[in-house]
Structure formats: C-alpha cells, structure tokens
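User: I would like to see how the descriptive terms applied to a model are justified by the computed values. Please take them one at a time.

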Amino acid sequence: GNKIYYMFIWSFIYSMVLFIFRSVRHTSYASQGRQGVMPATNPICLVDTFVSEKSFSNHDYNDPFFGNFIRSTPEKNWHYLPYLNRIQDLRKCYEEMRLCKTPFVIMEDFLKPADYLWAIRASIKVMFLKFPTDIFSPILRAEIRSLFSRDNMTFLLRYRLAQRLAEKGFKVSGLLDWYEAQPLDNVQNLGFKTFFNDLKISSYVGAFFSPFQAIGYQAISGEVEQNVSASKIFFYGAGIVANFTNIPGVSYECAPAFRIHKKDIVPQANENNCFIVLPNMLPQAEEIIDFISQSNIHQKNLFISLHPATNKEHLKSYITAKLGDKFKYQYVERFSDVVSSAEIIISTGTSAFVDAFMTKIPCLVVGSRSKHTLNFIPEKFENILFKIVYDPRILQATIAESLKTAQEKSNYFDIFFKEFVQPQTAADITLFGNNLFSSCDKNVVA
C-alpha cells in the first residue's frame with residue numbers, strides 16, 4: 001500500500017514539474033513577436049487541432065485533420081485553437097502561427113501567471129481532496145483522477161483561456177472539438193460552455209477505434225447534466241454511428257472522412273513483401289517486433305514503418321537486436337506512398353489498414369498475449385479482410401490463408417468503404433457544414 005502511494009506521489013510531482021517546465025518554455029517562445037490582441041468584430045468559431053512546425057507552407061496551415069473544410073467555410077470565421085505537442089522547433093511554430101492566413105488563438109497571449117497557479121492548485125485539489133466541490137463536476141474530477149498527466153494539466157488552462165477570451169470581449173459561437181474521449185476534451189467543453197452562454201459544441205472523431213475503446217465515446221446523461229459533453233458527435237460513417245445511442249442532449253451523426261482520400265490504386269508486383277506498421281505506443285510496437293522475431297517468415301521482404309511520434313532511435317536499436325541478420329528488412333518513411341507494393345500488412349492499434357484496403361490488401365493484427373488487443377478494424381470483417389493472429393509459428397500459413405480469402409471475397413473491400421467511410425464530395429462537405437452547429441439543443445432519443 002505504501003509503495004503504491006509513494007509511486008502515485010512521485011508520478012504527480014513528475015507531472016507537475018513537466019507542466020511548469022512546459023509552461024515556462026512555451027510562454028517564453030510565444031512572447032517573441034507578440035502584438036496586441038484585439039477581439040474579432042464578428043462572432044468566431046474555434047476548431048481544436050494539433051499543430052507542429054511542419055504543418056505550414058507559404059503562411060498557410062496544411063490541415064491534416066479537416067482537410068479543406070475550414071478554408072471552404074469562411075463564413076464561420078474560423079480560428080484555430082492549437083495544441084502543441086512534440087515540437088522540435090518551438091520558436092518557428094509560434095512564428096508560423098502568427099503569420100498564418102487563418103488566425104490562431106494562441107493561448108499564451110491571453111493567460112496570466114494567476115492562471116498557471118490556478119491550474120496547479122486545481123490539480124492538487126482534484127487529486128488529493130475527496131470532495132473539492134468548488135473544482136469542476138464529479139464526473140470530470142473522476143476522469144482527471146483516472147488519467148492524470150502533464151497534458152491534462154495543460155488542458156486545465158483551456159478552461160481559463162475561455163474565461164480570458166470572454167473578458168477580452170471575444171464572441172465565440174461554435175467550437176469544433178477534435179474528440180478522443182479524454183478528460184481534456186471535457187475540461188475544454190466545460191470552460192467554453194461556462195463563459196459563452198450561446199456557444200454550440202460539436203465533436204469530430206477522426207479515427208477508428210477498437211470495440212474496447214468505443215464505450216468512451218458513448219455519452220451519458222450525467223455528462224449532459226454537468227455541462228461537459230458536446231451536443232453532436234460525428235463519426236466517419238454510418239457503420240460506426242450505428243454502434244451508439246442518441247440520448248437527450250447528444251446525437252451521433254455521420255461526417256466526411258477528411259483524413260481518408262479514397263483513390264483507386266493498382267497493386268504492383270508484391271510477392272513476398274510484408275509491411276509492418278508499428279503503432280505509436282512503444283510496448284505494442286515492441287510486442288509486434290517480438291512476434292516477428294519468433295515467426296517463420298524469414299524469406300519475406302519486411303518493410304517497417306515507424307510511427308512519427310515514437311522514439312525512432314530506441315525502436316531501431318530494438319529491431320536490430322531482435323531481427324538481426326535473420327530477417328531481410330528495411331525502413332520506409334511514408335507507408336501510404338508504398339502500400340501498393342505490399343502483399344499483406346501486419347500491425348495493431350493503427351489506422352494503416354485503411355490505406356491497405358484501398359489497394360485491396362488484407363491485414364493481420366498481432367494479438368496481444370499480455371493485454372487487450374488493439375484492433376481498429378470493424379469486427380464484421382474479421383476472417384475476411386483481416387485476421388487476428390496470436391501464434392508466430394503459424395504466421396506464414398496465416399498469410400497464405402488471408403491472401404486467398406481476400407481474393408475470393410474482394411467485394412468486401414468496397415463494402416467496408418461504403419459502410420464505414422463517408423466520402424468527401426462537395427455535397428457531403430456542404431451538408432456537414434450546415435449541420436455542424438444546427439439544432440444542437442434539440443436532440444432526442446433515436
């Protein structure tokens with residue numbers, strides 16, 4: 001008991017130190033080139049997004065999450081609300097945001113030292129006081145406790161940002177949240193709902209997820225009552241929406257799959273080419289390499305794609321130690337550029353299968369032997385377009401069987417895109433724009 005308690009205290013202190021260091025560093029860089037901030041004359045809509053210094057070209061933001069949607073709906077007076085994570089050149093990132101044609105709401109331009117102290121005090125209250133009634137709602141306090149980190153502390157500042165924007169005279173009419181079913185989403189929602197009475201919030205889920213994760217996206221009445229939920233939650237396709245139930249105050253709807261660009265790709269000669277796509281979670285990535293190292297596919301050409309958010313040096317050292325001279329392998333930078341030359345994709349916990357399915361290439365999901373298997377492919381396609389494999393000794397036979405099944409039932413690739421990936425036609429995008437913030441307070445049980 002004492003050991004667990006001390007580990008908890010140490011984790012909390014470590015997160016606090018990281019938060020303070022990050023805040024000082026970001027504030028320092030953000031202050032360079034800052035000019036007086038004047039509130040927009042007309043109401044604005046905010047779009048929550050992740051940004052890096054590589055996201056810009058010619059003073060324009062290359063939006064990897066919503067594509068051209070923001071540019072195509074200027075009438076909403078969009079302002080990006082960025083979250084900066086894993087930035088190598090922080091100075092350049094702030095400079096690019098200030099020069100961008102689409103305005104960015106840079107948090108550090110509005111926050112005061114008291115706001116950072118408030119975030120620290122709020123974290124201490126939430127984590128160590130049993131009933132801190134003056135800090136958030138019961139649901140939100142429980143969420144923060146269950147997944148406390150530096151990132152959650154940073155998002156506590158979003159709550160204070162909403163207050164500062166209101167004090168500055170900004171009128172925020174809408175918030176489009178990039179939704180990942182985490183406490184930080186709800187902290188942000190509560191802040192903007194608290195300080196902008198007429199605000200409408202919609203969430204967009206721009207990724208696939210496992211059935212195990214799906215429960216996090218189902219809204220409950222308590223979230224509506226405690227003012228932390230969005231009024232609409234959008235998914236890629238009808239096949240995903242069908243898994244959720246509307247409740248009073250929250251509806252689930254379809255939206256264009258902005259991150260998926262469906263194209264007809266002609267497969268190249270691909271015999272013996274296996275593409276291994278590693279997820280951003282290091283333990284899962286190492287588990288896949290362990291699995292391959294114990295398998296019987298030594299004669300295959302292995303192409304390994306490392307997730308950009310992982311520690312590449314560590315993973316490459318791990319791969320060298322595990323695969324050594326026993327396997328023929330090489331690294332690829334952009335999996336989507338070379339997927340058409342693959343025979344099969346081996347992965348877990350990634351959305352790489354979408355690119356594979358465009359080329360009618362089946363997938364193998366490495367089943368975890370210690371934890372829950374992260375599989376993002378809808379279950380109805382199991383043993384048709386993908387298989388979960390646990391035993392590395394039968395990998396060669398499983399590949400042959402998967403290729404045969406996918407060829408015999410190739411029409412299922414088209415079924416997947418029809419049911420689970422809504423296209424980005426002009427009509428679909430227009431409908432999404434018109435529907436985004438409409439009738440948010442009139443949702444009923446389906």
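Analyst: The following exchange sets computed values against their cut-offs; the model is a predicted one.

User: Why is I201 called buried?

Analyst: Buried requires under 20% relative accessible area. I201 has 1% relative accessibility, and therefore it counts as buried. The residue lies in strand β6 (residues 200-204). Leaving aside residues up to four places away in sequence, I201 touches L175, N189, K193, A230, S231 and K232.

User: How far is I201 from I120 in space and along the chain?

Analyst: Their C-alpha atoms are separated by 27 Å, and the two residues are 81 residues apart along the chain.

User: What makes α11 roughly parallel to α12?

Analyst: Helix α11 (282-293) packs against helix α12 (residues 312-323) at an angle of about 20 degrees, with the axes 9 Å apart. Angles under 35 degrees count as roughly parallel, so α11 is described as roughly parallel to α12. The contact involves L282, A285, E286, I289, D290, I292 and S293 of α11, which meet H314, L315, Y318, I319, K322 and L323 of α12. The crossing of α11 past α12 is right-handed.

User: Why is α1 called oblique to α3?

Analyst: Helix α1 (residues 2-30) and helix α3 (residues 90-99) cross at roughly 50 degrees, and their axes come within 9 Å. Roughly parallel needs an angle under 35 degrees, and roughly perpendicular needs 65 to 115. The value fits neither range, so α1 is oblique to α3. This crossing is right-handed. On the α1 side R25, H26, Y29 and A30 take part, and on the α3 side L90, R91, Y94 and R98.

User: How do you know that the buried residues of α15 are on the same side of the helix?

Analyst: The buried residues in question are L395, T398, I399, S402, T405 and A406. They cover an arc of only 135 degrees around the axis, which puts them on the same side of α15. An α-helix has 3.6 residues a turn, so residues three or four places apart point the same way. The face turned away from the buried side carries the exposed residues A397, K404, Q407 and E408. What covers the buried residues includes β9 (273-277), α11 (282-293), β12 (344-347), β13 (363-366), β14 (386-389) and α16 (411-420).

User: What makes the span of α15 close to the expected one?

Analyst: Helix α15 (residues 395-408) has 14 residues, and 20 Å is expected at 1.5 Å a residue. From its first C-alpha to its last, α15 reaches 20 Å, close to that expectation.

Key: Residues numbered from 1 in each chain as written. Predicted model: local features only at pLDDT ≥ 70, side-chain atom pairs only at ≥ 80, totals over all residues. Heavy atoms only, no water. Helix = DSSP H or I, 4+ residues; strand = E, 2+ residues; numbered from the N terminus. Expected span 1.5 Å × (residues − 1). Buried < 20%, exposed > 50% of the residue type's maximum accessible area, 1.4 Å probe, protein only. Arc of directions from axis to C-beta. Contact = heavy atoms within 4.5 Å. Axes fitted to C-alpha atoms, helices over the stretch in contact; angles between N-to-C directions. Parallel < 35°, antiparallel > 145°, perpendicular 65-115°, else oblique. Left-handed = near helix turned anticlockwise from the far one by under 90°.
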